[in-house]
Each structure stands twice: as structure tokens, then as C-alpha cells.
Amino acid sequence: MDQTAQRLREAQREFSAHGTYLNTATHGLTPHPATRALQEHIHEVATGRFFAGAQDPGIERARAAYARLTGLTPERVAIGTHTSQFTGTVAASLPAGSEVLVAQNEFSSTVHPFSVRSELRVREVPLDRLPDEVRPDTALVAVSAVQSSNGALAPLDDLVTACADHGARTLVDTTQSTGWLPSDDDRFDYVVCSAYKWLLSTRGSAFLSGTTEALSELRPLAANWYSAVDPWNSLYGSAIEHGPEAGRLDLAPVWPAFVSLEHSLALIERVGVRAIHEHDVALADRFRAEAGLEGKGSAIVSLPAPQGVDRRLAEAGIAAAVRDGRLRVAFHLYNTEADVDRLLEVLADLR
């Protein structure tokens, strides 16, 4: 067994799924080190031994780990709790009348922060047409790198070129890709990512990153003490000096989420995103081939939901999701060939 396979096998032992878990696109499994850290944190809070300031080093380790995973520096990464908060910050920076180009059937948190601003023009087009639909009056293109509904990969290379040609900015939501799909986020103006799916954290941790120029155009929508240069000496009064670059956009952390996150990110770094990508896609593509489905290359697979599939999967101990009348399954580093076989077996019974 080579070293990559060995690291993957060791990582798989850090999870304790009940049954067959194929629902990472809804939320990821929490690895044992992250679970232990979370349990210790809860015990500290319950027994009065919790000290808020002691959490900052772990938060900075998580910020740095995320930066390494995405090809950035920590100074260009802001922390928060949900991607919609950060997408809303970007939406608020756009002048009235700006056109925002989005993909049809895009995840709502990537679209609604723009559509609720009636003075913005939101235009929806098919995902594969995004690069061709960028116009001189397009201010921003907002898209998920991998579509939540069906796992389709956005044409990001062509989109970056088209936006550069027309002077438009890019906002890429990588919630369904960071952790399994290698990417150099340095080429996008803005990137938002929630960590509770493929980054294997609990809900309540998210990131905003971007170019120095693009970040400088944003004003904090929820300026707070944690975005100050010296947070613990900035709790009172109006004279607060906010941090430089992305740090001035920080939102106060949900401590339990970040306590566990640094351990989840450490595991992903230890295995390596490229190794995880090869593993995840191989399982997903094998399922597609065996099930007679078209397409390849995504860790998320969508297919028509057979009648009664919810009940049958639950009875078989398989966790998946039904979205808009389609069955969605997702394969991550803790899944194996046996999981593919089990899913195929159950679906065959429904035919």
C-alpha cells in the first residue's frame, strides 16, 4: 500500500458512521479528533472553565489551514458563521443598477443576497452559458463552483477569462467543493465557503476570501469587536480600530464550530485534497457507470428519485437526500467501494 492510500485508510478510521453515509452534500461527518475537542469545549463551558480568549490561537490555526488549502494567505481570509452573511456583504457593495449574473437553479444563499436588493438587476442563465453571457454592463458573476442540486461543475476557467475581458468581478461559493476539489482561489475576486460539508466541521463556521483589491471595496455589514486590531481591548465604545485586509470583515466566531474545525482541517491536510479528489470521484464515477448514468468528474451524483426511495434507503441504513424530485448522493473520503455496492443493491430492488 502506497503512502497516499495509507493516509486515506488511517483517516477513514477517524469516523464512526452508522450505516452507509452518502449525504456529505448536506453535511459532513465529524472526525474523532474534532468530536473530542467539541466535547471538551462543552464540558469546559458546563463547568465554568471556559476562557474565551484562549480560543483565538485555534481560530487562527483554522484560518491559516483554510488559506493553505485554497492557495491564499491568512491575511486574505475572513472568518464568519454563514456564507449568506458574506455574500450579503458583497451584495451591499454594488452600486444601484448593477447587473449580477447567476446560474439558473443556483443555491439560494448565492442568489438571494442580490435579489433582495431591488435596485440590482439579477439575470439568470444556464450554468454552462455563464461565460458567454458576461456582458460589458455585468458587474458581478455569482456562482457555486459545484452545484448543490446536481453536482455540476461550473466552467470556472472560461468564466474567469470572460469576466477579465469585460471588467466584471467573480464571486464563487465553494461550499460544495472545498475539501474534495483542488482549486486555486487566488484567481477569484471573492470566495465564500461554509465548512460544515466537505470540510467536515459543525455548522457555524464560514470563510470569505478574495483579492486585496476586491476586499478593499467591501464595508463590514456587521462591524464588531472581533474585527478590531485588538479585539479584547475593543469591547466598548465607538473608537475601534479595525484590522487590515480581510480581518476587518471578521464576524465574531461561534466557538464550538471553530474549536472542532481546526482538527477537521488538519485531517484533510494530512490526506491531501488531490488524494481526496481522486478517491471521491472514483467512487462517484463507478456508481454512475454501474447505474447507467451520464457524466463524470463530480463527487455529487443526482438521479431521478424512484418512488419510495426515501423509505427504502432509510430501511437499508443509507443516508442520502432527495432534492426537487431527484435523489442526491455524495461520496467523500470516508466512503468505500462497499458503500457503492450497497447503494446499487438497494436501488436495484426499486426497479
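**Figure 1. Glu-213 and Arg-169 form a salt bridge between an exposed and a buried residue.** Glu-213 is exposed, its relative accessible area being 54%. In this predicted model, the side chain of Glu-213 meets that of Arg-169 in a salt bridge, with an N to O distance of 3.7 Å. Glu-213 belongs to helix 8 and Arg-169 to strand 6, so that the pair links distant parts of the chain, 44 residues apart. Arg-169 has a relative accessibility of 17% and counts as buried, because the limit for a buried residue is under 20%.**Figure 2. A salt bridge joins Arg-286 and Glu-337.** The closest N and O atoms of this pair are 2.6 Å apart. Arg-286 lies in helix 10, residues 273–291, and Glu-337 in helix 12, residues 337–349; the salt bridge therefore ties together parts that are 51 residues apart in sequence. Arg-286 is partly exposed, with a relative accessible area of 25%. Glu-337 is likewise partly exposed, at 43%.

**Figure 3. Arg-117 and Glu-119 are paired through their side chains.** Side chains of opposite charge can pair when their charged atoms come close. Here the side chains of Arg-117 and Glu-119 meet in a salt bridge with an N to O distance of 2.9 Å. Arg-117 counts as buried, at 17% relative accessibility, whereas Glu-119 is partly exposed, with a relative accessible area of 36%.

**Figure 4. Eight residues are linked in a network of salt bridges.** The acidic members of the network are Glu-99, Asp-132, Glu-133 and Asp-137. Arg-121, Arg-123, Arg-129 and Arg-135 are the arginines linked with them. In the model as a whole, the count of salt bridges comes to 24.

**Figure 5. Helix 7 has a buried side and a face turned away from that side.** Helix 7 spans residues 156–166, and its buried residues are Leu-156, Leu-159, Ala-162 and Cys-163. Seen down the helix axis, these buried residues fall within an arc of 120°, and they therefore line one face of helix 7. Helix 6 (130–133), strand 5 (138–144) and strand 6 (169–173) are among the elements that cover them. The face turned away from the buried side carries Asp-157, Asp-158, Ala-164 and Asp-165, which are exposed. Just after helix 7, Gly-167 takes a positive phi of about 75°.

**Figure 6. Leu-333 belongs to the largest nonpolar core.** This core holds 58 residues, of which Leu-130 and Leu-333 touch the most other members. Residues up to four places away in sequence not being counted, Leu-333 touches Leu-8, Ala-11, Gln-12, Phe-15 and Leu-200. Leu-333 also touches Leu-267, Val-271, Ile-276, His-279 and Asp-280. A second, separate core of 22 residues includes Val-102, Ala-142, Val-192 and Leu-251.

**Figure 7. Trp-232, Leu-235 and Tyr-236 form a nonpolar patch on the surface.** Together, the three residues of the patch have about 360 Å² of accessible area. Leu-235 is found in the loop between helix 8 (212–216) and helix 9 (255–271). With a relative accessible area of 38%, Leu-235 is partly exposed.

Key. Residues numbered from 1 in each chain as written. Predicted model: local features only at pLDDT ≥ 70, side-chain atom pairs only at ≥ 80, totals over all residues. Heavy atoms only, no water. Buried < 20%, exposed > 50% of the residue type's maximum accessible area, 1.4 Å probe, protein only. Helix = DSSP H or I, 4+ residues; strand = E, 2+ residues; numbered from the N terminus. Arc of directions from axis to C-beta. Contact = heavy atoms within 4.5 Å. Patch = residues over 30% accessible without salt bridge, like charges linked within 9 Å, V, L, I, M, F, W, Y side chains within 5 Å. Areas by Shrake-Rupley, 256 points an atom, 1.4 Å probe, with all protein chains shown as cover. Salt bridge = Lys/Arg side-chain N within 4 Å of Asp/Glu carboxyl O. Core = buried A, V, L, I, M, F, W, Y, C linked by side-chain atoms within 4.5 Å.
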